[in-house]
Structure formats: structure tokens, C-alpha cells
Amino acid sequence: MTEKTSTIDVNKPRGLRQYQWEIFLVVLFLAVNVVNSFLSPYYLTLDTFVSTPMNFLDKAFLVLPMTMIIILGNIDVSVGSIVALTSVLMAVSYNAGLPMPLAMVLALVISTTCGLINGFLQIKFRELSATIITLSTMTVYRGIAYVILEDRSAGRFPSWFSFLAWGYIGKVPFILIVFVLAAIVFAILLHTTRFGRMVFAVGNNKTACEYSGIRTRRIILGVSVITGLMAGFTSLFLTSRMGSTRPNVALGYELDVIAMTVLGGISTSGGKGRITGPLISIFLIGFLNYGLGLRNVSAQVLLIILGFLLILSVLVQNFTDRPRQKAPSKSGKSAAPTHRSDAGSGSDIHGNSA
Amino acid sequence: MKKTFTVVALVLIALALVMPASVFAAEKAKYAIVFKNTGNPYGEKQMEGFKNGIEEQGFEAILRAPDLPTAEAQIQIIEQLIAQKVAAICIVGNDYDALVPVLKKATAQGIKVFSLDSSVNSQARLTHVNQADSEKIGQTLIKAAYDMAGGKGEIAILSATSQASNQNIWIDFMKKELAKPEYKNLKLVKVAYGDDLRDKSVSETEGLLRSYPNLKVIIAPTTVGIAAAGKVLTDKGLKGKVMLTGLGLPSEMAEYIENGVCPYMFLWNPIDVGYLGAYTGVALVTGKIKGAVGDKFSAGRLGNYTITKAPDGGTEVLLGPPFKFDKSNINDWKKVY
Amino acid sequence: MQSQDKMQTGQSADGLTKAASRPDASSRAETLVRNTETYRELGLAIFIIILSVTFQIRNPKFLSLANIKDMLANTAILSILTVGMMMVIITRGIDLSIGSTMALAGMITSLTVSANPGISPFLSLAQGMAVGLAAGLTIGVLVAYFKILPIIATLGLMNILRGMTYLISKGKWVSAYQMSTGFKNLSTGTTFGINNLIIFAVAIYIIYAYFINQTKTGRYIYAVGSSPDTAELIGIKRRRIILLVYALMGLLAGLAGVLWVSKFASAQGDTAVGYELNVIAATVLGGVSVAGGRGKVSGILLGSILFGILANALPLINISPFWQQFIQGLVILAAIISNVLLQRRNDRLALKKRVI
């Protein structure tokens, strides 16, 4: 991957210029809205902007921790399965007699535990990349959901439960309020606390951090636990939106979440990024989907568009990354061994030679 | 740079606010059908029939299907349809209960909601368009198995996965039918699940053949399962020793009916199902029927229909008895669907 | 780095250190015992035997010749794909798009056959491989030259290719009666009494084993995976190797796609959805390390067989199908964890044997 000769980038743009990517996203967002309103007369209503987010905000809760994960230099494809397992267990326990509020708490406990397991595996078996670990746990978690619920569905929640996903406080959807709060907490966590700084540090250069005495294991564990917790939130809102659940819910969520995060300007090489980008791209992709849907664009075409978007956004980022990070050596290739891929220790996503 | 951005953005916003209203002329009423997933020829034919029926009556049809057969995906689509202020939504449900909140939202906005093929909770729908009487399906399939087995022997069922409501309803009726005295020599040894996956259905069929060497008949009430079983039986040269029947697409089963592995099987015309759905939808919107038992309406070339009571407490409209496909007619139908 | 003793067994998994040493006669015996890779394979083989015996007890039909033939035929396609995935994983990559590649290749080939029934089945094979190759090259370029992470590139392409499959097929399936007998016989026919699929698989394994172990390029693949920067330093064209690896994976996926639709005599839009996980599981089971640079042909063969047994035997022994995903996930986890533990043990032993 691209090398940095120093992590202190003296040429780092200051002022408004450093928000280049976010500005680009905002313009894109406006363009999407314009095109959408051209395409369909039903688009430009207050209702669109207020209630459409209710459709995709449950996923958005996962984008917040995914931002952290990718900054850390990892990836997590098991989030959808954690949502499914949590949802199933919540429904089953409620139907078995547990009071709903307790079932909801149980959901959060379970999801956090799943995150904990992910993190635990990552720190105990550091040779293994997060990719393969979460690929396996993805199968296991959803597998457990299938064992429990097989091909049935479970639901019949109390009617107040649907308030989570469908309710308004005044004119504002409840889920939007919760999400904004969560986003603020994450922004503070990532950009102002010591924990957040360490996430950036570990993502930038894990080995150096370890030698500097930073407890990288705790950071990884912490991020995984947070991911689990947020998956629990997603599960609560998703289940509330449907009023019932099955083992196959949240299928494909990982792709959407990763796409939203990466499109938001979080570089997959790790160590840098800002929460603002993903926040914008959540709405960008959400409204893009919605607008296209209003024109009844077929699912196949949407698939292709999402795939292209994902690749395109990484491509563009890689291009805009390079000029600032060109090492002073004359060849464009890496002339010095990368500080990230020490022989013997496993490849996380940077150790990847590609 | 910054200035250019701002100017461009402002211009775009201004355009957006001014233009759209003038661009769109008055439109015909829109009727939407939402199938379970995309890339399914049965679903494509259903939607085609729906489209024909709607356009025949002078309206516009919207055909949607998600790429994954999940309820969440259908919820998103329904939200988009609500925003487009469609007159009616015809839903082929991926889940009996999960769509209820969003369908109730649609109803609250004046949209007529009814289900087709795979039903949703009766509280969220006005009525359900059913291909055929579930009980009759069960009876017909058991009778076919009985005849093929020569009156006695072991039979097995190869199902899909009951993601939608129909499979288990049919299997339950089959079991009920088997309990009757005239079928006392027919024994159901296993219900296997092929998940509607080609390779899994093949493995399950092979498993059945290994575990029950005296198996006489396989009933597969799923289009993927019956085709997979047909292939396995053909490849193993078991024609005549193990018989196959069930519900299958004529195009998929043509080969196996012609070579005799499957003497006959059943289905109904999905085009007709969609067509009936179209007329049901229009009748609901124009107020001709309310979805209650006893309502009558005319469905174009299909004739007149009456709404009846459905086993789940709601109401339904039945297309008709299942249609039998065998050597004599498969050639005509295999190109249709 | 690798213990020099490992050179003895002839198939060192680490390309960089193979050339270096002289065999030492007296330690040959110790080597065989201490070689954890042999352990791993032995362990896998024993596990397969134990499983087979257990299944045989629960259903005496399990080890019948007919059933074994069935299982081999069913596993053939999986084993062909593990060859490609092994190369990808050795270079520290991953490929999630092969299911979609298979679907696209299968669909295009079937549509062509349906419109031109006279076409030679070998031409269909070539066509499928061409489609797969195109997909693989695209991924290879994105990963090697544009530095996109494999998981992202293949995730994106997985969607794009699947969408294309649906669009090209216009939502319809290609059914058995539309396929020529020659086409269907690709997978179900026999040559010299052995199922064609098995012959394909065996041929590919022989070619591959030679390629990865005896040719320069093959060893370079190991080198690139083992230590990408060192490989580059000594002049190996790293990016070309990576391009090659994904191109080969795509080629094999295209081939597998044609064989798949031929075997099931049906091409659907959702063919092989999620199949990539099975392939990754079988590869990883076979001891291919996801940290890169390590893996053996015998390993993936055993891994495919084990996976094939798991997939095919479960219906025979009445395990509820809903347990399958869970069991598969556990098996993968167990495999990769045990790989790590074995590797650590091996490294520790290597350190101990160092002459200081």
C-alpha cells in the first residue's frame, strides 16, 4: 500500500480545503436531489426529506462504528449477521415470556457480546486478518439464527415497539433524533478523546504503536465492542420497522455499510478520515436509492450502480491520496519495506500486498 | 474553486425548485405489483400477466422486485410506491408479518392493498389472489402420487424453504389427505428441504434415494426442486422405478416429462394469476368490490369471480383448479413459461 | 523465516527459502515427524476418516461406490474453484465475486447454446472461460494496478456481475430442453467410465500442481504472498503476478460456471449466490494460510473433500438443514484457528533449532 515517510504531513491542507472530499459529497448530494426531482414529481416534498431517512437510518447506525473500523485498518463483514442473530434472539425471548424492555436490553447485550467475540478473536489470533475472522463469524452468527428460528418468523411485539422505527416526536422521526445523538457521540469519541486518537494511531502504524506502549489490543477490542453495540441498535430499529423477524434479515447490509463508509472518504489504508464524510454519504446513497426507486429502476440496475459506486469511490480516493504521499525515492514503487507488513505477523488489510 | 462550487450549487437548487412542476403532465392511475425477487421466470410471467390486465383496462402498471428475497427490500419498494401515490399495491409477500406496518401506512394513505400468490397478514390486506385452492393442491398431488405408486409404497416430499406461506400450507394439506383411509398404504417417509437452491435440491434428492431405496414417488411442490429431482432421476436412470410429480414450470420440466421420468405434474398459469390480480386491483380501486366474502367482479377474459373465505381468516379469490401438464401438452406450454 | 529442514520434504510452502539449503541426512527423520504441515494434512485426513466412519454408521449407504461417485462429482466443481482461490489467498487476497462470475459465464454460455444448439460444447467451455477471464482481469487490474483492496474490488464486482447476469437473462432461466445434449454431457457424461467432472478436476489438479510447485511463476506466487516487498526488491514483478492470480481465478470460475449449468441443466440469475464462502471455507480448511505465502495442493484437495462430505452427507444422516450454516461456520473457524496454532508451534520449533 502507499507509504508515508512521515505521519506528520506538513503539506496537509488547512482551512476549508481539507474538507475537499466532504464538499464534493455535498455537491454530489445536491446534484442527486436535483436529478431526482426532475425524474419524479413526487420527490420534492417535505415528507420525502423527513420520512425517507427512516428507511435507511437503521443501517446508518452501523456506519458510525464501521468508520472507526476502517480507520483502524480493519474491516468487518459480520455486522449484518450480528443484527440478524440479535433480532432473532430478542423476538424469541420476548415470545418466551421475557418482558419487552428486558428483551431489548438482552438484544444489546447479545450484540455487544458478538462484537466482543470478534474482537477477542482478532487479538488472540493476530496473524489472521480481520477479513477472514469476520467472514467466519458472519457464517457462525447467522447460522445460530437459523438453528434457533429455522424457516419461521417471530414477532407479535407490543404495539409501542413500532414507535422506535415509525414514531415521530413532533415532526421529527424518533430514529433520526437517536441517530443524530449517536453521531455526535461518535464524532466526539473519534476526534476529541484519547481513545479516538489512538484509533487513528493504530490504524496508521500498528507496530509503532505497540512499541510505543499503546495498548493496541484494547483499542481493537474496544472498537469491536462498540461495533457490536451499534449492531444492536440497528437490530432494534430494523425489527421495529418490520414488526417481525427471520434469520435472513439484514442480508447484504455489510456491503451497503462498507460502501457508505468508503464513499464517505474513509481510506481503506487506514489511519485517517473524518466522520463527516460518511455522515453525508449515508444520506447521499439513501436518497439516491430512493430517487431511483421512485422511477422504478429495476433492482438489477441498482446492484450494478452500487457496485460501481463502491469501486469508483475507492479509485478516486486512491488517486487523490497519491500526490501528497509520494516518497522522495525516485521509483514510484515502494522502495522500503512497509512498516506495516512485518514478516510473520498477519496481514490486516494493509499487509495485503495488493 | 469554492466560489464556483457555491454558484453551481445555487443554480442547481434554483432549477430544482422551478422546473419540475411544469415538466410533468397529468398521468394515468398507477397500479403496482411487487414480486418476491428478481430473476425468477415464474415471477416475471406473473408480472407480465398483471401488466397486460392493467393496460387492458387503460391504466399504467409498475412492476418491481428486489434483488434479494427479503422483507426489508420489499418495505423500501413499498415506501417508494407510496410516495408515487399509486392507486393499488399488489404484493407477493416475502414474509407474512414483516410487511404489515408499511402496508398499513399505504392503506392509511388511501392505497388499496391486496396480496397475490404469497399472502400477507389478513389484517394488512383487503383480499388475497390465490392460484388455486390450497386444499385442492394437496389433494391433487397426493392422488397423483397414489396413482403413480400403484396404490401403495413409500413417498417423500422435496420442498423449498418456507420463506413464504404457500409451501407449508400445501404440505399440511397433503399430510391431512394422507391420513384418510383410502391412502393407508401410502407412507410419507420424509420431508426434505432443498431451499430452492439447485445444488442443495440435488443433494437432498440423492440423499432421499440413498436413505429410502424403496421410494416410489417424490412429490416436489417447488419449481426448482422438481427440476433438480428430474435431473437426478434422469441421470441415474431411475425412470419408471421412482416417479416424480409436483408443481413445476413447463419450461424446466419439459425434458423430464418428455423422457418419462415425470409422468405428469401440475401448475397453473402465472400469467393468468397476474391477470386476475390486475382485475382484482382495479375492482377494488373503483369500488366495485370491497374485499369481503361474496363480492363479485368480472376479470376480463377469465370470466367472473367471487371472493371467498380464506383459511387464515381473511378473504381470497381463487384462480381455479391446478392445471395438469403431461406428454400431450407439454410441447405447447414449454415455450410460454 | 522457515526452518531449513523443511526443504527435505520437497514441497516447501515458502518459495523464498527453498533454493537455499543442502539436505542433511541425519535430520531427515526428525523433519518428517516435526513437519507441521504434514501434521496438518494428517490431521485433516484423519478427520475425514473419522467423519466418514461416523456417517457410515448412521447410514450404511454412505460409503457405497455409487454414493462416493456422487460425492466426488458434486465436489469436483468446488475443488476446481479452490485451485484458483488458493492462489488468491496465498497472495493475501480474497475473491468474493466468483459466485457471480460463475452465474454470468453460465448464463451467457447457456443463452448461446440455446440460440445455437449445434455449437460444440468445447466452444461453450471456451466461451465461459473467456467471460471468467474478463472478470478476473478486471479485478486483477483494480487490485494490482489501482491498489484497491481485494475485498472491496471483489465485493463491488460481485454486485456488478450479478446485476449483469439478471439483465442479460432478462429475468428468465435457460432450461434443460433448451440445452443441447452435448452441452449437458459436459458434466454428466462419462469418459472411460469416469464422470467427466472428475476428469476435469483431476486434469486441472495435475496441471496446477506442476505449475505451482515446479515453475518459476508458480514459486513467484508464493514469494509475493510471503513477503510482497522483498519479492519486489529481488525483481519479481509483483503486480503482474497479482494480475495473473486473479485472472486465473476468473478463468477457473468461468469454467466452473459452465460446468455448473451443464450439471444442473439450468441457468438461473441467482446461480451460485453465496458459493464463494464455500470455496473460501474449503481452501482455508486445506491449510492455505490467509496471512499469505503458505498452502499446498494436497491441502486443498483434502479440504474440498472434507467440505464435500459435510455438504453431501448431512442430508443422509438426518441433520436438520438449518444446522448446516452453523456447522460450516464453526468448521471454518476451527480450521483457521488450528492453522494459526500449528504455525505458531512450527515457528517456535524453528527458532529453537536455530544455531546461534
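Trainee: Let's start with α1(A): which of its residues are buried?

Mentor: Buried here means 20 or more other C-beta atoms within 10 Å of the residue's own, exposed means 12 or fewer, and partly exposed is in between, with C-beta atoms placed from the backbone. Helices (H or I, at least four residues) and strands (E, at least two) are DSSP runs, numbered from the N terminus. In α1(A), the buried residues are A:Trp21, A:Leu25, A:Val32, A:Asn33, A:Val34, A:Asn36 and A:Ser37.

Trainee: And what kind of model are we looking at?

Mentor: Residues are numbered from 1 along each chain as its sequence is written, and chains are lettered from A and ligands numbered from 1 in the order written. Local features need pLDDT of at least 70, side-chain atom pairs count only at pLDDT 80 or more, and totals for chains, interfaces and linings use all residues, this being a predicted model.

Trainee: How far apart are the end C-alpha atoms of α1(A), and why does that agree with its length?

Mentor: The helix covers residues 20-39 of chain A, which makes 20 residues. Expected span is 1.5 Å times one less than the number of residues. That rule gives 28 Å for α1(A), so the span agrees with the distance between the end C-alpha atoms, 28 Å.

Trainee: What average pLDDT does chain A have, and how many contacts does its stretch below 50 make?

Mentor: pLDDT is the predictor's confidence in each residue, from 0 to 100. In chain A, 86% of the residues score at least 70, and the average is 83. Residues 324-354 of chain A fall below 50; a contact means two C-beta atoms, placed from the backbone, within 7 Å. Beyond near neighbours in sequence, the contacts of that stretch in the model number 73.

Trainee: Chain C touches chain A; which helix of chain C gives the largest share of its side?

Mentor: The contact takes 50 residues from chain C and 47 from chain A. Elements supplying at least two residues each on the chain C side include α5 (121-145), α11 (238-264) and α14 (324-352). The largest share, 14 residues, comes from α6(C).

Trainee: How many nonpolar, polar and charged residues are on that side of chain C?

Mentor: Ala, Val, Leu, Ile, Met, Phe, Trp, Tyr, Cys and Pro count as nonpolar, Asp, Glu, Lys and Arg as charged, and the others, Gly among them, as polar. On the side of chain C that touches chain A, the split is 33 nonpolar, eleven polar and six charged.

Trainee: On to chain B: what is the split of its side that touches chain C?

Mentor: Here 24 residues of chain B are in contact with 25 of chain C. The largest share of the chain B side, eight residues, comes from α8(B). By type, that side has seven nonpolar, six polar and eleven charged.

Trainee: Which domains does chain B have, and how far apart are their C-alpha centres?

Mentor: Domain bounds come from an automatic or database domain assignment. For chain B it gives domain 1 (30-131 + 270-320) and domain 2 (134-267). Their contact takes ten residues from domain 1 of chain B and seven from domain 2 of chain B. The C-alpha centres of domain 1 and domain 2 of chain B are separated by 29 Å.

Trainee: Which strands of chain B are the edges of the seven-stranded open sheet?

Mentor: Two strands pair if DSSP finds at least two bridges between them. The order is β2-β1-β3-β4-β5-β14-β13 (chain B), with mixed pairing. Five bridges join β1 (residues 30-34) of chain B to β2(B) in parallel. Pairing on one side only, the edge strands of chain B are β2 (60-64) and β13 (308-309).

Trainee: How many residues of β8(B) are buried, and what is the bridge partner of B:Val217 in β9(B)?

Mentor: Strand β8 (residues 215-220) of chain B is mostly covered, with five of its six residues buried. It pairs in the parallel sense over four bridges with β6 (residues 153-159) of chain B, where B:Ala156 stands opposite B:Ile218. β8(B) also pairs in parallel over four bridges with β9 (residues 243-246) of chain B. In β9(B), the partner of B:Val217 is B:Met243.

Trainee: Is B:Leu238 buried or partly exposed?

Mentor: B:Leu238 sits in the loop between α9 and β9 of chain B. B:Val261 is 23 residues away from it in sequence and 7.6 Å away in space, C-alpha to C-alpha. B:Leu238 has 16 C-beta neighbours inside 10 Å, so it counts as partly exposed.
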